[in-house]
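Here's a quick tour for anyone meeting this structure for the first time. Have a look at it, and then we'll walk through its charged pairs and a couple of its helices.

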Amino acid sequence: MPARTKFEAEFAEINQRLTMEGYVVISLGMFSLPDLSDYDWTVDSSDLRGRLGGVHFQMIRMADEVYIVDPGGYVGESTRREIAYAESLGKPVRYLSRECPARTGDGPKSEPDRTVPHR
């Protein structure tokens, strides 16, 4: 079954807010993989993860800063890799949970599939 990114509503809210503040936002291209009747995602899952990971790293390289959508302060494994990559490039990293702690205290405790750079 295709993977789905958690926190879709939070991504949309942050995307809108940052855009209204004048930022150019680079975000997820999709929140779930398309349901293609003739495509077996289980066969392609490892290659697909690698390709999508490469896309995320490319977005980080393009960014002036990275905004982490982390409701409740949770950052999963793939997000930690992306943060480390951004920091290795000297990119500033901002966190939703550190800016709006009252609004993010009840977030899920499972890993988001991707927390994408928001610029």
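A salt bridge here is a side-chain nitrogen of Lys or Arg within 4 Å of a carboxyl oxygen of Asp or Glu. Keep in mind that this is a predicted model.

By that definition, Arg81 and Glu77 make a salt bridge, with their closest N and O atoms 2.9 Å apart. The two sit four residues apart in helix 3, so about one helical turn separates them. Arg81 counts as partly exposed because its relative accessibility is 43%, and Glu77 is partly exposed too, at 46%.

The structure holds five salt bridges, and three of them are in this table:

| Salt bridge | Closest N and O atoms |
|---|---|
| Arg81 and Glu77 | 2.9 Å |
| Glu65 and Arg94 | 2.7 Å |
| Glu99 and Arg17 | 3.7 Å |

Let's take the other two pairs in turn. Glu65 and Arg94 form a salt bridge. That pair ties together distant parts of the chain, 29 residues apart: Glu65 is in the loop between helix 2 (41-62) and strand 1, and Arg94 is in strand 2. Glu65 counts as buried at 17% relative accessibility, and Arg94 is buried as well, at 18%.

Glu99 and Arg17 form a salt bridge of their own. This one spans 82 residues, from Glu99 in helix 4 to Arg17 in helix 1. Glu99 is partly exposed at 36% relative accessibility, and so is Arg17 at 24%. Zoom out a little and you'll find Arg17, Glu21, Glu65, Arg94 and Glu99 linked in a network of salt bridges.

Now for helix 1 itself, which covers residues 8-20. Its buried residues are Phe11, Ile14 and Leu18. Viewed down the helix axis, they fall within an arc of 70°, so they line one face. They pack against strand 1 (66-68), strand 2 (93-95) and helix 4 (96-99). Over on the other side of helix 1, Ala9, Gln16 and Met20 are exposed.

Helix 3 (residues 77-88) has 12 residues. Ser78, Thr79, Glu82, Ile83 and Ala86 are buried there, and they line one face of the helix because they fall within an arc of 140°. Gly90 follows helix 3, with a positive phi near 80°.

Last stop: Lys91, in the loop between helix 3 and strand 2. Lys91 is buried yet has no salt bridge, and the nearest side chain of opposite charge, Asp64, is 5.6 Å away. What does the side chain of Lys91 reach at 2.5 Å? The backbone oxygen of Ala63.

How values were computed
Residues numbered from 1 in each chain as written. Heavy atoms only, no water. Expected span 1.5 Å × (residues − 1). Buried < 20%, exposed > 50% of the residue type's maximum accessible area, 1.4 Å probe, protein only. Arc of directions from axis to C-beta. Contact = heavy atoms within 4.5 Å. Lys, Arg positive; Asp, Glu negative; His and termini not counted. Polar contact = N/O pair within 3.5 Å; in protein donor to acceptor, adjacent residues only side chain to side chain.
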